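User: I am in my first year and would like a close look at one part of this protein model. Could you choose a single strand and the loop after it, and explain carefully how they sit within the chain as a whole?

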Amino acid sequence: MQTDQLKILIERYLDESITATDKALLANMLNEEQHANAFRSILEEELRNGRFELEPDEAAGLAIREQVLQQMREGIDEPESESVPIVPLRRIRPWYWAAAGAIILAGAGMFYFSMDNKTEKAPAAAVAVDIPAGKEGAILTLADGSQLVLDSMKNGKIADQNGSSIHLSNGSMTYQAKEGADNKIVYNTMTTPKGRQFQFTLPDGTKIWLNAASSIRYPTTFKAKQRQVYISGEAYFDVAKDVSKPFIVSVDKQVEIQVLGTAFNINAYSNEGDIRTTLEDGMVKVKNISQGIPEAVNKELVLKPGQQAIVSTGNNSLSPAITLEQDADIEKITAWKKGIFNFEGLSLVQVMKELERWYDIDVVYEGKPPVIRFYGKMGKDLSLKDLLEALDKSKVKFELNGKTLTVKQ
């Protein structure tokens, strides 16, 4: 009986005749594991009838069930937009990335892009030469100005700096204290070019994840009364606790973040327009130290977990120095360090900025960029061609020549 009810609800959903009440009921049913087999049977029947472009295997069934459930949840609470087209690029399980690039639930149909030639692929975007996904790697600039390309080096000790020796192990780097250091403070700089991201540990034990096209400058030993580092781009910090030495992150003489021990993300790309500090755990104080801020506006803010401080890098003196976002989406904001593109609610321009950094390309537009919102998640291990095949369903066309991606309407 429940199988019949589930089938009816799924048919109504696919035919776009489902009511809000039925949609809530379907979401609840799909959320219960006891209906998993029934859902798989219904899916396989629809596949045999040629309803979907998909091989009826168990992994695909489970993945699609998850995507339908997620959209049901979102659809119950979110009002429909009449002005901005939505392109839902649904998430699939991490262990399934090898077999599939994306599941798209668009209108009344499901479209599946296979990466293993089991099914017919969607028409590819115009890509002359494919560009592979970015990878782990960075460039370390030592105190004397010499540079080490870390993704081409072997494990072991790679350098000595005042007060520390530097060690590389399986794509991650650490500093180890050593005796005989003098009181001179010297700095290293870690830089990730486009198409690279890197994780390493500072001399005090603080863990850093550095996103593509970013950099951080830091001392090789923390001997001062405070631990101060300087960043550009995007970084995630898991700060080692040391009450006697507050940890301070400076961003381009505009923002300072003061912490004792905490986990947080800073997005400070120069082309994003804002500097965003998002707190996952602990407590931080965000200070706007830009010149020319009116005395009447708030220049500092203490964040609690789940909050985000936004500092505009524009020159609008009428705007507040710091804006508070109460319920930041931590999973979305930190998805990059887990190897995931999270496009939930992003515009076409925002998505293209992420692709520029990860695939080391330049994006240009034919005419004005169309107003489109994307919803979903995709693995960062996809090649550019595979990712563009999924985005191609947005009715926006892409053409890649060399490292220039042209967006066409």
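Analyst: Let us begin with the chain as a whole: among its contacts (a contact means heavy atoms within 4.5 Å) between residues at least 6 apart in sequence, 54% join residues at least 24 apart. This is a predicted model, in which local features need pLDDT of at least 70 and side-chain atom pairs count only at pLDDT 80 or more, while totals for chains, interfaces and linings use all residues. Residues are numbered from 1 along each chain as its sequence is written, and side-chain values use heavy atoms, with hydrogens and water left out.

The pLDDT, which is the predictor's confidence in each residue from 0 to 100, averages 77 over the chain, and 69% of the residues score at least 70. Over residues 90-124, however, the pLDDT is below 50, although this stretch has 98 contacts in the model beyond near neighbours in sequence. Where pLDDT is low, the predicted coordinates should not be read in detail.

The chain contains seven helices and 29 strands; these are DSSP runs numbered from the N terminus, with helices (H or I) of at least four residues and strands (E) of at least two. Of its 409 residues, 49% count as buried, where buried means under 20% relative accessible area, exposed means over 50%, and partly exposed lies in between, using a 1.4 Å probe and protein chains only.

For the close look, consider strand E9, which spans residues 164-169 and includes His167. The side chain of His167 is joined to that of Ser165 by a polar contact of 2.9 Å; such a contact is a pair of N or O atoms within 3.5 Å, and within protein one must be able to donate a hydrogen and the other to accept it, while residues adjacent in sequence count only if both atoms are side-chain atoms. Leaving aside residues up to four places away in sequence, His167 touches Gly156 and Lys157 as well as Ser172, Met173, Thr174 and Gln176.

After E9 comes a loop that leads to strand E10 (172-177), and Asn170 has its place in this loop. Although Asn170 is not a glycine, its phi is positive, at about 50°. Is Asn170 buried or exposed? With a relative accessibility of 69%, Asn170 counts as exposed.

A second loop offers a useful parallel: Lys253 lies between strand E16 (247-251) and strand E17 (255-259). Lys253 is not a glycine either, yet it has a positive phi of about 55°, and its relative accessible area of 75% makes Lys253 exposed.
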